[in-house]
Amino acid sequence: MKTFRRFLSRVRSLGTKKPDEERLREEIEEHLALQTAENIRAGMPPAEARRRAVLKFGAVEAVKESYREQRGLPFMETLIQDARHALRRLRMAPAFTVATVLTLALGIGATTSIFTLVNAILLKALPVANPGELYRLGREAHCCYLGGYSQEKEFSIVSYDLYRYLKDNTRGFSELAAFPSQGSFGVRRSNTSDAAQSYPGEFVSGNYFRMFGIRPYAGRTFTDADDQAGAPPVAVISYRLWEQRYGADPSVIGSTFDVDQKPVTVVGVAPPGFFGDTLSNAATEIFLPLNTEPVVESDSDLKKYNIHWLNLIGRIEPGVSPTSIEAQMRVELKQWLVMHWSEMSASDRAKFPEQTLFLSPGGAGITSMRQRYEDWLLILMAVTGFVLLIVCANVANLMLIRSMERRQQTSVSMALGAPAYRVISQPLLESILLGLAGGGAGLAIAFASTSLIWRFAFPSLQGVAAVPIEASPSVPVLLFALATSIATGLCFSIAPAWMSIRVDPIEALRCSVRSMVRTGSLSRKALVILQAALSLVLLSAAGLLTTALRGLEHQDFGFEQDYRVVVSFNPRLAGYQAPQLSLLYKRIHDSIATIPGVSSVALCLYSPPKGGWGAGVWIDGGPAPGPKDDNSSSWNRVTPSYFQVVGTPIVRGRGITEQDTATAQRVAVVSQAFVRKFFGNDDPIGKYFGGKAENGHEFEIVGVAKDARYFPHVLDQLNSPVYFLPEAQADYTQMNLGSLFLHDIVILERPGANVSFASMREAIASVDPDMPITAIRTLKEQVALQFTQQRLIARLTSLFGVLSLLLASIGLYGVTAYNVGRRTNEIGVRMALGADRSQIVRLVVRSAFRLILLGLLIGLPLTVGVSRFLANQLYGTNPYNPLLILTAVGVLGFSTLAASLIPALRASLISPLKALREE
Amino acid sequence: MKAKTEVPQGTLALMVLKTLDVLGPLHGYGVAKRIEQISGDLLSVNQGTLYPVLLKLEQEGSIASEWGTSENNRRARFYRLTRSGRKQLRIETQDWEQTATIIARFFAVKAEDLQ
C-alpha cells in the first residue's frame with residue numbers, strides 16, 4: 001500500500017518537475033540562512049558563519065541528486081528528455097530528416113501495401129462466426145462438374161445424393177452444408193420495366209447460413225423447409241445488391257423476382273460484408289436453396305447420382321476431432337460407392353480401391369483464389385523485402401555519416417563521464433523516432449496505393465461486382481506496419497550506435513578537425529555494395545518478368561486479334577428454350593452481318609481464349625482406352641465461317657461450312673494437337689470418332705485447324721487438343737443442354753471500318769430487345785484480360801526495380817559526396833602537386849565504380865539464382881538471358897556514373913589554395 | 001577524537017517521525033537541529049541528507065507539508081505528522097522496543113545462566 005502510494009505520487013510528480021526543484025532550492029536556502037543566523041548568534045563573523053553552515057549541510061549537489069532520484073521516475077524522465085532532445089536535433093537537420101522519412105516511407109509503404117494483399121487473400125478467414133470450427137471436403141479447390149464414380153487423388157466434390165448420405169450418417173458435424181461453384185442468374189424484379197441483369201449467384205443447402213453462423217440483416221435466411229422438393233422458391237440476396245440496386249428498399253423483402261425467368265420470393269438480406277463461401281472477384285449476390293435448382297435450371301443435376309458438383313463445408317461440434325470425422329466419411333464414401341456398384345463403369349471399378357477423401361480447415365472458405373495467387377504474392381512479398389533492405393542500407397548510411405559528424409560531441413560526453421547506455425540511447429531513440437515517422441508516412445502511401453493495386457489486379461467485369469476485400473486498414477496490417485517500422489529503425493541504427501561507443505575520448509578530442517581513425521568508412525562502403533547487388537537482382541527480375549509477359553502477349557496465339565470484336569450475350573437469361581435457339585442464332589448472325597463495315601460474323605460457345613467444353617474421345621476402330629488412360633479433349637460449338645472470322649488457318653481439309661446441316665453427315669474439325677494425341681502421324685481426314693464410349697462413329701473428321709491458345713489459365717503451356725462441331729448439327733434432345741446456349745458472337749470488321757459498339761447492340765436489340773448483353777470488348781482486350789495478373793507482377797516488380805535503383809544511386813551519391821568532403825585536403829595537395837582536373841574526376845569516379853563492381857560480383861550469382869526460380873514459374877523463359885543481365889548491369893553503371901559525377905566535378909573545382917588553408 | 005556514529009538506514013526516518021510527534025509542525029532545519037540536540041552530538045548527520053528522507057515520507061503519506069513563515073520571517077516549508085504517520089510511528093516504536101528488549105536480554109546473559 002505504502003509502495004503503491006509512493007509510486008502514484010512519483011508518477012504525479014512527473015509533471016511538477018520545475019516547481020519541485022524550485023521548492024528544494026528554497027528549502028536549502030532557508031536551512032542555510034537559519035543555520036548561519038544561529039552561528040552568528042554564537043559569535044562567528046558572518047562569512048565564517050555561512051561557511052560553517054554550508055559545511056554542516058553537506059554536498060548540496062549530491063543531496064539534490066538523491067532528492068531527484070527519490071522524486072519522479074528517473075527512467076521515464078530520461079526517456080522523455082532524450083526523445084525531446086532527439087526531436088530537436090532532427091528539426092535542426094531538416095534535409096536529413098525529410099530524406100530519411102521519405103526513403104523509409106517508400107520502403108514501408110511498398111511492403112505494407114503488398115502485405116495488405118497477402119493478408120486479404122492468403123491469411124484472412126471468412127467473415128463468419130468461429131471460422132476455426134469449419135472444415136471443408138478436399139485439400140484443393142475443384143471445379144465444377146465431375147462425372148462417374150471415381151475422382152483423381154481425392155473425392156472433393158460430391159453429388160446431391162452423396163451429400164445426403166454423408167450428412168445423414170456422419171456424426172460430429174453440428175451442420176454440414178453443400179453448395180456448387182458459383183454461377184450466374186438473370187435477375188429482375190417482377191412486374192417492373194427493368195431489364196434482367198446477370199448477377200453471380202449460387203444454390204445452397206437449407207442449413208448454409210446456419211452453418212456459417214450468419215444472421216440475416218433483414219428478413220430471414222433459409223430454413224430446412226425452404227430446401228425441400230416442392231417448397232415455394234425463395235431467395236436471399238446480398239446486402240450489396242439490396243443497397244446498390246434497390247436502394248435498401250424494405251419492400252424488396254417479400255416481393256417476387258424473376259430469376260432466370262422463374263418467379264422467386266426474396267425472403268431476406270444477408271449481412272453487409274458476407275460474400276459467400278469463396279473469395280473471388282465476383283461476390284455471390286443471390287442465394288437460392290439447392291432444391292430450387294430443378295425449378296430454375298432446365299437441365300437439373302440435383303437428382304443425378306453420378307454428377308458431382310457440390311462443395312461441402314461443415315461446422316464440427318466442439319471437442320470432436322476432425323480426423324475421426326474424416327475416417328467416418330471415408331468409410332461412408334466406400335459404402336456409397338458399393339451401393340452404386342452396378343452403375344459403375346469398368347474404369348470406375350478399377351479405381352475403386354484408391355478412392356478416398358480428406359478434410360481440411362475451411363475457415364477461409366473455398367480457396368481457389370488463394371491457390372492462384374499464392375506464389376505470385378509471395379514473390380511480390382520477397383521483392384518488397386529486398387526494397388526494404390535497400391532502404392535500410394540507405395538510411396543506415398545516412399545515419400553513419402551523421403554519427404561521424406557527432407563524434408566530437410560523443411567524445412566530450414564520454415570524457416565527462418556519460419554512461420555508455422546514455423550515449424547509445426541517443427542515436428537509437430533518434431532512429432526509432434525516424435522509423436515511426438517513416439512508418440506513419442508509409443502507411444499513408446500504402447493505403448493510397450493498395451486500392452490502386454487492387455483495381456489493377458482485379459479489374460471488375462461489367463455488371464459483375466468487384467472483389468469483396470477491404471483494401472482499408474485492418475489491425476493485422478497496422479501491426480505489421482508498426483513492427484516493420486520499429487524493426488527497420490533498429491536495423492539501420494545498430495551499426496551507428498555501436499560505432500559511437502567505440503569512440504576513444506582522448507583520440508577524438510586530440511584530432512578534432514580531421515578524423516584519424518577510418519572507422520565507419522568500411523561499413524558505409526559495404527552498405528553501398530549491398531545496395532548495388534540487390535538492385536541488380538531486382539532489375540534483372542523485373543527485366544525477366546517483363547520479357548516473359550511480352551513473350552506471352554506476342555506469342556503466336558493461332559488466331560488473329562486485330563479488327564475483331566466479341567459480343568457476349570446470354571439467351572438463357574432471356575428465357576429461350578432449346579428448340580428456339582437455331583433460329584435465334586441465324587437472326588442474330590444476319591442482323592449483325594448487315595451492319596456497314598462488318599466483314600463476317602460467327603457465333604460460338606467459347607471465343608478464344610475462354611476455353612472449351614470437356615469430353616472423352618473414342619476413336620472409331622482404335623483400341624478402347626484403358627481405365628487409366630487419358631482420352632480427354634475439349635470441344636467447341638461454332639457456326640459456319642468461324643475459322644475465317646477468328647483467323648485460324650485450316651491446315652488440311654475444310655472448315656465448318658453452310659453445307660453441314662442438321663440432315664447431313666455429322667462432322668468435326670479437329671486441332672493439330674488433337675491429331676497428335678489421337679492419331680500420331682496418321683492422316684485423320686475421313687476418320688471417325690465419338691464423344692461416348694458406345695459410339696465411335698459419331699463424327700467424321702473433315703478438317704484440321706492450326707493449334708491455337710484456347711485456355712485462359714494455361715496460356716503459357718502447350719496447346720491442348722480441341723475439336724469443333726457445327727452448331728447446325730447440335731443434338732437438341734441431348735443431356736448437356738448448357739452447351740446449346742452459345743455465349744459469344746465474334747465479329748470481323750473491315751480494316752478501318754470502326755464499327756461502333758452501339759450499332760452492335762442495336763443489331764441485337766432489333767432481334768430481341770430483352771436479350772442481355774454481358775460484355776462487348778475487342779478480342780485484343782479479351783486476350784489482354786488473361787494477363788492482368790502477370791502484367792501486375794511485371795509492372796510492380798519494374799516499379800520496385802526502378803525504386804531500388806534510385807535509392808542505390810542516392811546512397812552512392814551520399815557516400816561519394818561525403819568522401820570527397822573529407823578528402824578536400826588531400827585533393828588540394830594533389831592539385832598543388834600538379835594533378836589536373838580530369839585526374840581528380842577520374843579518382844573520384846573510379847572509387848565509386850570499384851564499389852559498384854564489387855556489388856555486381858556479389859549480385860550476379862544471386863541474380864542467377866533468382867532468375868532460375870522465376871523461370872520455374874514462367875514457362876518458356878530462359879533464365880540465363882545475357883542480354884537482359886547486361887542491360888541491368890548497364891543501367892546500374894550509368895546511374896553510378898551519374899551519382900558519382902556530381903561530387904567528382906565538385907571535387908575538381910576545389911581550389912588548391914583554399915583547400916590547404918582550410919586545415 | 002572519537003568517531004561519530006553513522007545513522008543506520010531507516011532510523012533517520014523514525015527519528016523524524018518522533019520529532020514531529022513530540023514538537024508538532026517543524027521546518028527542515030528545526031527537525032535537523034532537534035535530532036542533533038537529542039543525540040547529543042553523538043550522531044552525525046549531514047544535515048542535507050534529511051531532505052530526501054522528508055520527501056520519501058511525504059510520498060508515503062506519513063507526513064504532509066505546507067508553506068509557512070519561519071522565526072526570521074522567511075518563507076519556509078513546515079512538515080507535520082499525518083494520521084497514517086502516527087500509526088506508522090506507533091508500529092515502528094513497538095518493533096524497535098521489542099528488538100531493543102531482546103538485544104538487552106542477550107547482553108544481560110552470563111555464562112552461568114545457561115548451565
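In this predicted model, 25 residues of chain A are in contact with 20 residues of chain B. On the chain A side, the elements that each give two or more residues to this surface are helix 1 (2–12), helix 2 (17–41), helix 3 (46–57) and helix 4 (60–71). Helix 2 of chain A supplies the largest share, 10 residues. Sorted by class, the side of chain A that touches chain B has 10 charged, 9 nonpolar and 6 polar residues.

Let us now turn to chain A as a whole. Its 919 residues include 28 helices and 25 strands, and 40% of the residues are buried. Among contacts in chain A with a separation of 6 or more, 83% join residues 24 or more positions apart.

Next comes the interior. The largest nonpolar core has 85 residues, and V387(A), V391(A), A532(A) and L538(A) are those with the most contacts inside it. Two or more residues each come from helix 6 (94–123), helix 13 (368–405), helix 15 (420–457), helix 16 (475–501), helix 18 (521–553), helix 24 (788–822), helix 26 (837–873) and helix 27 (882–908) of chain A. Helix 18 of chain A gives the largest share of this core, with 18 residues. Apart from it lies another core of 64 residues, which includes F185(A), V204(A), A282(A) and L288(A).

For a close-up, pick out A532(A) in your viewer. Setting aside neighbours within four places in sequence, A532(A) is in contact with A808(A), L851(A), I852(A), G855(A), L856(A), G859(A) and L892(A).

Conventions
Residues numbered from 1 in each chain as written. Chains lettered and ligands numbered in written order. Predicted model: local features only at pLDDT ≥ 70, side-chain atom pairs only at ≥ 80, totals over all residues. Core = buried A, V, L, I, M, F, W, Y, C linked by C-beta atoms within 7 Å. Buried ≥ 20, exposed ≤ 12 C-beta atoms within 10 Å, placed from the backbone. Helix = DSSP H or I, 4+ residues; strand = E, 2+ residues; numbered from the N terminus. Contact = placed C-beta atoms within 7 Å. Nonpolar A, V, L, I, M, F, W, Y, C, P; charged D, E, K, R; others polar.
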